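Dear colleague,

Please find the structure handed over below, together with its sequence. The notes that follow set out what was found in it, and I would ask you to read them with the model open.

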Amino acid sequence: MKKQYLLLGNALFLILCVLVCGFNFLQLKSDYLLKTKDYLASVTDYLDSELERSGLSETAINQVIDKTLTVFQDFDSSLRITVMNDNGNVLADSDFSLADLNNHRAREEVYGIISGDNVYISTRYSATENVDRIYYSVGAKNQPAIIRAAVSLNYLNTAKWNIVKHGVIIGLLILAFFNFIVLKSTKKLDEHVANNLQALAKIKSGELATRMHRDRYSYPELIEMSEKFNQTMEVLETNFTVLESEKTSLDAMVNSLMEPLVVVNKELQVVFANQYAKTLFKRDIDPKVTPYPFVLLTHENELDGICEKVMSSGETIRKEFVLMLTGGYRAFQVTISPVGSEHAVVLFNDFSLEYEARKLRSDFVANVTHELKTPLTSIRGFVETLRGRKDLEPDQTNNFLEIIDIEAARLERLINDILNLSDIERLKIDSGLENFDLVELVDECLVQLDEQASEKRINLIPGDEPVFLPVQANRDRIKQVLLNLLENAIKYHKEQGSVWIDLEREAEYVTIKVKDDGFGIDEQSVRRVFERFYRVDKSRSRSLGGTGLGLSIVKHIALLYDGEATVQSTPNLGTTFTVRLKI
Ligand code: ADP
C-alpha cells in the first residue's frame with residue numbers, strides 16, 4: 001500500500017514536472033516569437049527604405065542586403081534576407097546564389113503577399129536549408145518587390161532541449177530527495193508501529209506489564225498516542241491486579257466452602273463448580289473449560305425448571321431435594337439465586353443427617369403407635385368380652401384376665417423400653433457410674449436366666465478368663481446389655497443348645513461376646529437387627545414377648561460408652577453379638 005502511494009506520488013510529480021517544463025517552453029517560445037517578429041519587422045522596414053533609395057538592380061540589392069546584415073546580424077546570426085519581384089522570382093538572397101533558387105511564389109509567406117496581405121508570417125521547415133525557420137514577408141512600399149527576412153528556430157529547439165534537460169535533472173534530484181525523506185520517515189513509522197504491535201501481542205498474551213514503544217525520535221503524535229496508551233495500561237494493570245486478587249480470594253472462599261456450589265447458565269449448563277461440588281458429585285471436568293448439563297449433576301429435572309424460573313423472575317427459590325449420588329441418596333436444601341438474567345447460583349446445603357433423623361423420628365412415632373395399638377386393642381377386646389358375657393365360667397374369666405395381664409405387661413415393657421431408649425439417646429455421658437466386677441455381673445445375669453435356659457435345655461457357658469474384671473460404669477445399664485443379649489440368645493434358639501459368654505479387656509475397652517448355636521439370622525436382616533422395632537420373625541418375637549427394641553437399646557448403650565455393637569450370624573448355625581465398651 002505504502003509503495004503504491006509512493007509510486008503515485010512519483011508519477012504525479014513527474015506529470016507536474018512535464019507540465020511546468022511545457023508551460024515554461026511555451027512561454028519562452030511566445031516571447032521569442034514576439035521579439036523575433038519585431039526584429040524581422042525592423043529588418044524588412046530597414047531593407048524597404050534602403051532599397052527605395054538604391055533601386056532594384058542586382059548589385060544594389062546585394063549591397064543593401066550586406067549592409068542590413070551588418071546592421072542586424074548581431075541579434076541573430078542566422079538572419080537570411082531574400083528579395084523577390086512581385087511575382088516571386090528571387091532577385092537576391094543573403095545565403096544562396098540565384099542559380100540555386102527557384103521561383104518562391106509557392107512559398108506560403110510569398111504567396112500571402114502576392115495575394116494582397118501587407119505582412120505575412122510563417123513558421124515552417126525550409127527544404128532548401130534543412131532547418132525550421134520563421135519567415136516574415138512584406139511587400140515593398142513603393143516598388144514591385146517582396147522583401148522576406150527569416151531567422152532559424154534553432155534557438156527554440158536548443159531552448160526546448162535545455163528545458164527538458166534541466167527539468168529532468170532538477171526533477172530527478174527533487175524526486176530522489178522526496179523519496180529519501182518519505183522512505184526515511186516511513187521507515188521510522190514502520191519501526192514504531194512494529195514495536196507497538198509487538199507490545200500489543202505481548203499484552204494480549206497476558207504480559208500486562210508491557211508498555212508501548214516511546215521513541216523520542218518518532219512522530220510527536222505517535223509518542224503522545226503511546227504515552228496515552230501506556231497511561232491507560234497503567235490504570236488497567238492496577239485494576240486488573242485488584243480484580244485478580246479479589247478473584248483469588250473469592251475463589252479461595254468459594255472453594256473452601258463446605259457446601260457444594262455451582263453456577264448454571266441460561267442453557268442450563270454448569271459453568272462453575274467449587275471444589276466441594278466437584279468432589280461430592282464426582283466430576284473432575286472443569287466446567288469453566290467444558291460446561292456440561294446441570295441435570296447430569298443432579299439427575300433431577302425439577303431443578304432445571306427452578307433454575308429457569310429463577311433466571312426469568314429474579315427471585316431466589318429454596319427447596320428440599322433428595323438427590324441420587326454415587327455414594328447413595330443425600331438430602332439437600334437447595335438455594336437457587338439469580339445472578340442477572342443469564343446465570344443462577346445453586347447452593348446445596350447437605351442436611352442428610354437431619355433428614356435421616358427426621359425420617360427416623362416419624363418412622364419411630366408410626367412404629368410406637370402401631371406397637372402400642374396392638375396390645376391395647378387386645379386388652380380392650382378382652383375387657384369388652386368380659387363385660388358383655390355374663391355366662392362365662394370362672395376358668396374362662398381367669399383365662400381372659402391372664403391374657404389381659406400378659407398384654408398389659410407387654411405394654412409396660414414396651415413403654416419402659418421406649419423411655420429407656422430415649423433416656424440413653426438423650427445422654428452424652430452416662431450417669432450413676434460405679435466400680436464393680438463385670439464377671440460377677442455376668443454370673444448374676446446367668447443365675448437370673450438359669451430357669452428360662454433350663455426350660456429350653458440350653459447351657460449357659462461363661463468363659464474361663466478373666467475371673468475378675470473391674471469396670472466403672474452404670475451397673476444397671478451394663479446389666480441391661482447382658483440380659484438383652486443373653487435373653488435373645490435363649491429366646492431365638494431351638495430346644496437344647498448352648499450359649500457362650502466371653503469377656504475380654506483390651507486397654508480401656510472391654511469386649512462382651514455372646515455366642516449361640518441357635519436359629520441364626522439371614523444376611524439381609526443382619527444389617528438391620530439394631531434398628532428400632534426391627535424383628536427378623538415378627539410373630540415369633542411377639543409370641544416371645546419381644547418389643548423389637550432390645551438390640552437398639554444395646555447399640556445405644558455401646559455408643560454412650562464410646563463403643564459399638566456388631567453381629568455375625570449364619571442361619572441355622574448360630575449368632576455372635578459383640579459389644580465393645582469403654583468402661
Ligand atoms: P426383640 O424384642 O424382638 O427380641 P430385639 O431388638 O432384641 O427385639 O431383637 C431384634 C430381632 O433380632 C429379634 O426380633 C430377632 O428376630 C432377632 N434376634 C436377636 N437376637 C437373636 C439371636 N441371638 N438369634 C437369632 N435372632 C436374634
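Gln496 is found in the loop that joins H12 to strand E15 (497-506). The model is a predicted one, and in it the phi angle of Gln496 is positive, about 70°, although Gln496 is not a glycine. Is this residue buried, partly exposed or exposed? Gln496 counts as partly exposed because its relative accessibility is 48%, and partly exposed residues lie between the limits of 20% and 50%.

A second residue of this kind is Asn572, which is placed in the loop between E17 and E18. Asn572 is not a glycine either, and its phi is positive, near 70°. With a relative accessibility of 65%, Asn572 counts as exposed, since the limit for that class is over 50%. A positive phi is also found at Asp562, which follows H15, and there the value is near 55°.

The ligand

Which elements form the shell around the ligand? Helix H12 (475-491), helix H15 (550-560) and strand E18 (574-581) each contribute at least two residues to it. H12 gives the most, with three residues. There are 21 residues around the ligand, and those that come nearest are Tyr492, Ser541, Thr547, Gly548 and Leu551.

Several N or O atoms of the protein can be paired with atoms of the ligand. In the side chain of Asp516, an N or O atom is 3.0 Å from a nitrogen atom of the ligand. The backbone takes part as well: an N or O atom of the Val536 backbone lies 3.1 Å from a ligand oxygen, and for a backbone N or O atom of Thr547 the distance to an oxygen atom of the ligand is 2.8 Å. On its own the ligand has 530 Å² of accessible area, and the protein covers 97% of that area. The space that the ligand takes is the largest pocket.

Helix H15

Please look next at H15, which is mostly covered, with nine of its 11 residues buried. Which residues are these? They are Gly550, Leu551, Ser552, Ile553, Val554, His556, Ile557, Ala558 and Leu560. The buried residues of this helix pack against helix H10 (394-426), H12, strand E17 (564-570) and E18. Leu551 therefore appears in two lists, as a buried residue of H15 and among the residues that come nearest to the ligand, where "buried" means a relative accessible area under 20%.

Phe533

Phe533 is located in the loop between helix H13 (523-526) and helix H14 (538-543). Although Phe533 lies in a loop, its relative accessible area is 6%, so it is buried. Beyond its neighbours within four places in sequence, Phe533 is in contact with Phe364, Asn367, Val368, Glu371, Leu414, Thr547, Gly548 and Leu549. Two of these names, Thr547 and Gly548, also occur among the residues that come nearest to the ligand. From C-alpha to C-alpha, Phe533 and Leu392 are 37 Å apart in space, with their positions 141 residues apart in sequence.

Strands E3 and E4

Ser126 belongs to strand E3 (residues 119-126), and Arg133 belongs to strand E4 (residues 131-139). Are these two residues buried or exposed? Ser126 is buried because its relative accessible area is 1%. Arg133 counts as buried too, because its relative accessibility is 4%.

What does Ser126 touch? Setting aside its neighbours within four places in sequence, Ser126 is in contact with Arg80, Val131 and Tyr135. Its C-alpha atom is separated by 9.3 Å from that of Ser152, which is 26 residues away along the chain.

With residues up to four places away in sequence not counted, Arg133 touches Ser78, Arg80, Asp95, Ser122, Thr123, Arg124, Ala150, Val151, Ser152 and Leu153. A polar atom of the Arg133 side chain lies 3.3 Å from the backbone oxygen of Ala150. Arg80 is thus named for Ser126 and for Arg133, where a contact means heavy atoms within 4.5 Å.

Ser57

Ser57 sits in the loop between helix H1 (2-54) and helix H2 (58-72). Its relative accessibility is 38%, so Ser57 counts as partly exposed. How far is Ser57 from Val536, C-alpha to C-alpha? The two C-alpha atoms are separated by 171 Å, and the residues are 479 apart along the chain. Val536 is the residue whose backbone was described above in connection with an oxygen atom of the ligand.

With kind regards

Definitions and conventions: Residues numbered from 1 in each chain as written. Predicted model: local features only at pLDDT ≥ 70, side-chain atom pairs only at ≥ 80, totals over all residues. Heavy atoms only, no water. Helix = DSSP H or I, 4+ residues; strand = E, 2+ residues; numbered from the N terminus. Buried < 20%, exposed > 50% of the residue type's maximum accessible area, 1.4 Å probe, protein only. Near = heavy atom within 4 Å. Polar contact = N/O pair within 3.5 Å; in protein donor to acceptor, adjacent residues only side chain to side chain. Areas by Shrake-Rupley, 256 points an atom, 1.4 Å probe, with all protein chains shown as cover. 1 Å grid on protein atoms, 1.4 Å probe; cavity = no way out; pocket = protein on both sides within 12 Å on 5 of 7 lines; lining within 4 Å. Sits in = over half its atoms within 2 Å of the grid points.
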